Amino acid sequence: MAADSSFDVVSKLDRQEVDNALNQAAKEVAQRYDFKGTDASIAWRGEEAIRIEANSEERAQAVLDVLQTKLIKRGVSLKALDSGEPKASGKVYVLDSALKEGLSQENAKKIGKLIRDEGPKGVKAQITGDEMRVSSKSRDDLQQVIQLLKNADLDVALQFVNYR
């Protein structure tokens, strides 16, 4: 009897790509004419957040737009970036963006329910920490589940690893 095939559903960031995008955005902000004299800057704030500062709300949003463009070009999903609204802090506006990594229990349960309700029969989903293992006897069923999850409108960036 054939063993089950499986894959893992994870939500991980390529830290090097995020760092490269941040550095490119910082360089562009420093050089662009429309950011001259606006005290606009972008930098890491700890390990899991990015801080944007500018002298107006619109400039802070423009710097965020530059960062998002760089992330897209580097293949990092914008679902991994959780940005708030710019807040006044003294003379500057500050916008903090957190990086989301790992599947929360709530998102894992949503994915599991989606697989049970709309996926092929005989597919099992098991939550382990911040990952989810999906297994089935048929590799075709697993391919269908991957397509289902790619087409689903979830608020988390998903990757599919350890396909065997």
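**Rings, helices and a few single residues**

At 24% relative accessibility, F160 counts as partly exposed, and I would like to begin my walk through this structure, which is a predicted model, with that residue and its neighbours. F160 belongs to one of the aromatic pairs, of which a search of the whole structure finds two. In this pair the partner is F7, and the two rings have their centres 5.8 Å apart and their planes at 75 degrees, so the pair is edge-to-face. If you are new to such descriptions, it may help to know that a pair of aromatic rings is described by the distance of the centres and the angle of the planes.

Where do F7 and F160 lie? F7 is in strand β1, residues 5-10, while F160 is in strand β9, residues 159-161, so their pairing ties together parts that are 153 residues apart in sequence. F7, at 0% relative accessibility, counts as buried, whereas F160, as I said at the start, counts as partly exposed at 24%. Ring pairs also bring in Y163, so that F7, F160 and Y163 are linked into a cluster.

Staying with strand β1 for a moment, we also find S5 there, and S5 counts as buried, with a relative accessibility of 7%. Which residues does S5 touch, if we leave aside those up to four places away in sequence? They are V134, S135, S136, R139, L142 and R164.

Let me turn now to the helices. In general, two packed helices are described by the angle between their axes and the distance between the axes. Here helix α1, residues 15-31, packs with helix α2, residues 57-73, at an angle of about 135 degrees, and their axes are 9 Å apart. The two helices, α1 and α2, are therefore oblique to each other, and their crossing is right-handed. On the side of α1, the residues that take part in the contact are V18, A21, L22, Q24, A25, E28 and V29, and these meet V63, V66, L67, K70 and L71 in α2. Sorted by character, the residues of this contact divide into nine nonpolar, one polar and two charged.

Helix α2 also holds E58, which counts as exposed at 60% relative accessibility. The C-alpha atoms of E58 and P86 are separated by 8.8 Å, although the two residues are 28 residues apart along the chain. We can look at D140 in a similar way: it lies in helix α4, residues 139-151, and it is exposed, with a relative accessible area of 58%. Between the C-alpha atoms of D140 and P120, which are 20 residues apart along the chain, the separation is 9.5 Å.

Finally, I would like to point out two residues for their backbone angles. Most residues other than glycine have a negative phi, and most peptide bonds are trans. D39, however, has a phi near 55 degrees, a positive value in a residue other than glycine. D39 lies in the loop between α1 and β2, and it is exposed, with a relative accessible area of 56%. N162 likewise has a positive phi, near 55 degrees, in a residue other than glycine. Is N162 exposed or buried, or does it fall in between as partly exposed? With a relative accessible area of 41%, N162 is partly exposed, and its place is in the segment after β9.

Conventions
Residues are numbered from 1 along each chain as its sequence is written. This is a predicted model: local features need pLDDT of at least 70, side-chain atom pairs count only at pLDDT 80 or more; totals for chains, interfaces and linings use all residues. Side-chain values use heavy atoms; hydrogens and water are left out. Axes are lines fitted to C-alpha atoms, for helices over the stretch in contact, and angles run from 0 to 180 degrees between N-to-C directions. Helices (H or I, at least four residues) and strands (E, at least two) are DSSP runs, numbered from the N terminus. Angles under 35 degrees count as roughly parallel, over 145 as roughly antiparallel, 65 to 115 as roughly perpendicular and the rest as oblique. A crossing is left-handed if the near helix is turned anticlockwise from the far one by less than a right angle, and right-handed if clockwise. Contact means heavy atoms within 4.5 Å. Ala, Val, Leu, Ile, Met, Phe, Trp, Tyr, Cys and Pro count as nonpolar, Asp, Glu, Lys and Arg as charged, and the others, Gly among them, as polar. Buried means under 20% relative accessible area, exposed over 50%, partly exposed in between (1.4 Å probe, protein chains only). Rings of Phe, Tyr and Trp (its six-membered ring) pair if their centres lie within 6.5 Å; planes under 30 degrees apart count as stacked, over 60 as edge-to-face and the rest as tilted.
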